[in-house]
Amino acid sequence: MATDTAKISQLKSAVANLDQISESEKTGFVNLVSRYLSGEAQQVEWSKIQTPTDEVVVPYDTLAPTPEDPEETKKLLDKLVVLKLNGGLGTTMGCTGPKSVIEVRNGLTFLDLIVIQIENLNKKYGCSVPLLLMNSFNTHDDTQKIVEKYSNSNIEIHTFNQSQYPRLVVDDFVPLPSKGHTDKDGWYPPGHGDVFPSLKNSGKLDALLSQGKEYVFVANSDNLGAVVDLKILNHLIRNKNEYCMEVTPKTLADVKGGTLISYEGKVQLLEIAQVPDQHVNEFKSIEKFKIFNTNNLWVNLKAIKRLVEADALKMEIIPNPKEVDGVKVLQLETAAGAAIKFFDHAIGINVPRSRFLPVKATSDLLLVQSDLYTLVDGFVIRNPARTIPANPSIDLGPEYKKVANFLSRFKSIPSIIELDSLKVAGDVWFGAGITLKGKVSIVAKSGVKLEIPDGAVLQNKEINGPEDL
């Protein structure tokens, strides 16, 4: 096996010939691989982990109220940029194109809702909060076409691409495109930790700074709860916090999420991959690690510029092994949340669960399309008629995995305000106006088509065939 130095010099010359990507992408990629080979991603020393205090992870309800004067609010908002991570495809939900164009509710897509929210903000306060979309090479072309439909809105929309890196062949550490794989399969976007260098390399960072912008609010485009929050923005500006991660209390559904810890005097993100095996169960416990990262991040733009120019953002590397046409490849990624430890006066804010409403699967779509939520001015708001804080747990079988199949199997979305849990599997079809309460399990036997009639009310029922209805 070649030494690491030999590997890197061989890699450098191979990468130099990849004319599909820019010089900054080539440099960024080679630096990432060098860092990976040097093995600097050491595990944390478990005994040094401390639970962060309220100074470091600030409880949301202790934040100062926002200024009552609309002029003051306008001043705050004029310092803000909203950035949505828009690199993901809707493939897991059976959709083509960017995930952000899946219809969420009332025929409106994630992107529609985001634009409506910012439009309303700009109109209400007479400010001009711009929207940035960070695309990947997978979503760029489609997104360019889609944003044209917002050209008459009062909102400036900028798109830019995150880096495009070559996948690495595991056997000989040669980039896959160098072996003739020049189509999309040869490349990958290196995770959202790349948002910081990409903002700088695209020229967007300097443009925003020259317009007097100070903070960027970064969030996943599929998190319907990630709306602009004036209390958070006000707090960061007043306290000169360069970085803020929104965290929220863990439930049993979130045991794998990254958490914030105090470590050697710094606040940092602890991900499950960094946890030594013998401590994984402790990491997953809700007692010791009570919060998790929502990936709603607020970051000071000048600080991003300073750190990117100093090449100081050396986040933990997440190796993601894949296979392309039987060839084992590696893609090295980083996460934006892991950057917290490089910023000055970085904090977490422990926010209400309502700020974390991600749609990762059709089971989440069922929740947000149901009477559990309403849509007001582009905001998806939880129905106060539901008194239990937690959402019902929804488990839909593979027949429901794709959005089109999911939609065709429900004449209308059932009422689920009083539902605790729902399990559906097999060939099940729902009529209109159905109400589900308590614990409901509907599992059709193999080869049996099970139709739930219009207007049915199912409470604490287990259904395996028509005879149980």
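This report walks through a predicted model, taking its two domains, one buried leucine and some salt bridges in turn.

## Two domains

The chain splits into domain 1, covering 1-355, and domain 2, covering 362-468. Measure from centre to centre, using C-alpha atoms, and domain 1 and domain 2 sit 33 Å apart.

The two do touch: 16 residues of domain 1 make contact with 15 residues of domain 2. Together, domain 1 and domain 2 bury about 1,300 Å² between them, and carbon and sulfur atoms account for 65% of that area.

## What holds the interface

If you go looking for salt bridges between domain 1 and domain 2, you'll find zero. Polar contacts are another matter, with eight residue pairs making them across the interface of domain 1 and domain 2. On the domain 1 side, strand E4 (103-105) and helix H4 (110-125) each put in at least two of the residues that touch domain 2. Helix H4 gives the most to that side, with four residues.

And what is the side of domain 1 that touches domain 2 made of, by residue type? It breaks down into nine nonpolar, five polar and two charged residues.

## Leu366, tucked into domain 2

Leu366 is a handy residue to click on. You'll find Leu366 in helix H11, which runs over residues 362-369. Is Leu366 buried or exposed? Its relative accessible area is just 1%, and the cut-off for buried is under 20%, so Leu366 counts as buried.

Setting aside neighbours within four places in sequence, Leu366 is in contact with Ile394, Phe406, Phe410, Ile413, Pro414, Ile416 and Leu422. For a longer jump along the chain, try Val104: Leu366 and Val104 are 262 residues apart in sequence, yet their C-alpha atoms are 9.5 Å apart in space. Val104 falls within the 103-105 range of strand E4, one of the elements on the side of domain 1 that touches domain 2.

## Salt bridges along the chain

Across the structure there are 28 salt bridges. One of them pairs the side chains of Lys79 and Glu214, at 3.9 Å from N to O. This pair ties together distant parts of the chain, 135 residues apart. Lys79 is in the loop between helix H3 (70-77) and strand E3 (80-85), while Glu214 is in the loop between helix H7 (204-210) and strand E11 (215-220). Lys79 is partly exposed at 25% relative accessibility, and Glu214 is also partly exposed, at 30%.

## A network around Glu309

Glu309 takes part in a salt bridge with Lys200, where the closest N and O atoms are 3.7 Å apart. This is another link between distant parts of the chain: Glu309 belongs to helix H10 (residues 301-309) and Lys200 to helix H6 (residues 195-201), with their positions 109 residues apart. Glu309 also pairs with Lys305, and here the closest N and O atoms are 2.9 Å apart. Lys305 and Glu309 are four residues apart in helix H10, so about one helical turn separates them.

Which residues make up the network of salt bridges? Lys200, Asp206, Lys305 and Glu309 are linked in it. As for how open these side chains are, Glu309 is partly exposed with a relative accessible area of 49%, and Lys305 is partly exposed with 23%.

Definitions and conventions:
Residues are numbered from 1 along each chain as its sequence is written. This is a predicted model: local features need pLDDT of at least 70, side-chain atom pairs count only at pLDDT 80 or more; totals for chains, interfaces and linings use all residues. Side-chain values use heavy atoms; hydrogens and water are left out. Domain bounds come from an automatic or database domain assignment. Contact means heavy atoms within 4.5 Å. Buried area is the accessible area (1.4 Å probe) that two parts lose on being put together, summed over both. A salt bridge is a side-chain nitrogen of Lys or Arg within 4 Å of a carboxyl oxygen of Asp or Glu. A polar contact is a pair of N or O atoms within 3.5 Å; within protein, one must be able to donate a hydrogen and the other to accept it, and residues adjacent in sequence count only if both atoms are side-chain atoms. Ala, Val, Leu, Ile, Met, Phe, Trp, Tyr, Cys and Pro count as nonpolar, Asp, Glu, Lys and Arg as charged, and the others, Gly among them, as polar. Buried means under 20% relative accessible area, exposed over 50%, partly exposed in between (1.4 Å probe, protein chains only).
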